[in-house]
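Q: Could you take a close look at one charged side chain and the partner it meets, and then work outwards to the parts of the fold around them? Please state the cut-offs behind each term as you go.

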Amino acid sequence: NPVPVFPRVSNRFACAAGCLTLAILLMACRAEDPDIDQAPPSSPPSATPFGAQELAYLVQDPGRSEVFAVNEYGTGRRNLSTEGAYGNSHPSWAPTGGQIAFTSVREGSGDIYTMARDGTNQRRITSEPSADGFARWSPDGGRIAFASDRDGNSEIYVMNADGTNQQRITNDAAVDSLPTWSPDGSQIAFETNRDGNYDVYV
C-alpha cells in the first residue's frame, strides 16, 4: 500500500524549485523576446535529462496554451506543440532526450501525446473520454506514469511508452495525481489528499 513521505511541505518545495528555475529562464528569454508569457505553477518546466541544455515549458495566451522549448541561456525559443486553438501542457522529457510527452485537449477532454524533441511526429497515446494528464517517463524510457479520472476519480496509471498495457496502480476515493518515478524505476511517488490534506505518498 502507498505510504506517506514528506507530508505537506514536499509539494511546496518542489513547486518553489520549479518556479525558481522557470523565473531564471524567463528573465533570459525576455531579453530575447519581451512578449514571452509566464507559465503557471501548475505546469512546471521540464529540463532534458542532460541538464538545462534544453527546457520545455508552457506558454499561455488567451484561448490557447502551447508547449515551447528554449536552449541553454534562453536562446532559440520555439513552439513545439503548434496547435494554437487547443490547450497543450505538462511537458515531460524522455530519459534519452529524444521525445517529449505532454497533455492536449485537441481531441477530447485531455489525452497524453508524445512528440519528437523538435515537435514532429505528434502521436496520441491515450484516448479515454475522461481526462488523462501529468505524464512522467520511467528512468528506462519504457513506461509512462500518468493520472486519470477514467474510473470516477483521479488515480495513478502506468502504461508502455507507446500507450499499450494501461493499468491502474492506485485505488482510493481521494485524488491521486502528479506521479513521478524513483531513480531506479522501482517506485512511484504521487500527491494525494487521502488523509485530508495533500501529501506525497510512494
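A: D151 is partly exposed, because its relative accessible area of 44% falls between the limits used here (buried is under 20%, exposed is over 50%, partly exposed is in between, with a 1.4 Å probe and protein chains only). The model is a predicted one, in which local features need pLDDT of at least 70 and side-chain atom pairs count only at pLDDT 80 or more, while totals for chains, interfaces and linings use all residues. Residues are numbered from 1 along each chain as its sequence is written, and side-chain values use heavy atoms, with hydrogens and water left out.

The partner of D151 is R168: the two form a salt bridge whose closest N and O atoms are 3.4 Å apart, where a salt bridge is a side-chain nitrogen of Lys or Arg within 4 Å of a carboxyl oxygen of Asp or Glu. This pair links distant parts of the chain, 17 residues apart, with D151 in the loop between strand 11 and strand 12 and R168 in strand 13 (residues 167-168); helices (H or I, at least four residues) and strands (E, at least two) are DSSP runs numbered from the N terminus. R168 is also partly exposed, since its relative accessible area is 36%.

The loop that holds D151 contributes to another such pair, in which the side chains of R150 and D132 meet in a salt bridge (2.9 Å, N to O). Because R150 lies in the loop between strand 11 and strand 12 while D132 belongs to strand 10, this pair ties together parts 18 residues apart in sequence. D132 counts as buried, because its relative accessible area is 3%.

Strand 10, to which D132 belongs, pairs with strand 11 in the antiparallel sense over 4 bridges, two strands being paired if DSSP finds at least two bridges between them. Within this pairing G133 stands opposite A147 in strand 11. The two strands form a hairpin with 5 residues between them, and G141 in the turn has a positive phi of about 75°.

These strands also supply the largest nonpolar core, which has 10 residues, including A135, W137, I144 and F146; a nonpolar core is a set of buried Ala, Val, Leu, Ile, Met, Phe, Trp, Tyr and Cys residues joined through side-chain atoms within 4.5 Å. Strand 10 (132-137), strand 11 (143-148) and strand 12 (155-160) are the elements that give two or more residues to this core. Another core, of 9 residues, lies apart from it and has V67, L80, W93 and M115 among its members.

A search of the whole structure finds 6 salt bridges. One of them joins the side chains of R194 and D176 (2.6 Å, N to O), linking the loop between strand 15 (188-192) and strand 16 (199-201), where R194 lies, to D176 in strand 14 (residues 176-181), 18 residues away in sequence. R194 counts as partly exposed because its relative accessibility is 22%, whereas D176 counts as buried because its relative accessibility is 0%. In addition, E107, D111 and R124 are joined into one network by salt bridges that share partners.

As for the setting of these details, the chain has 1 helix and 16 strands, and buried residues make up 44% of its 202 residues.
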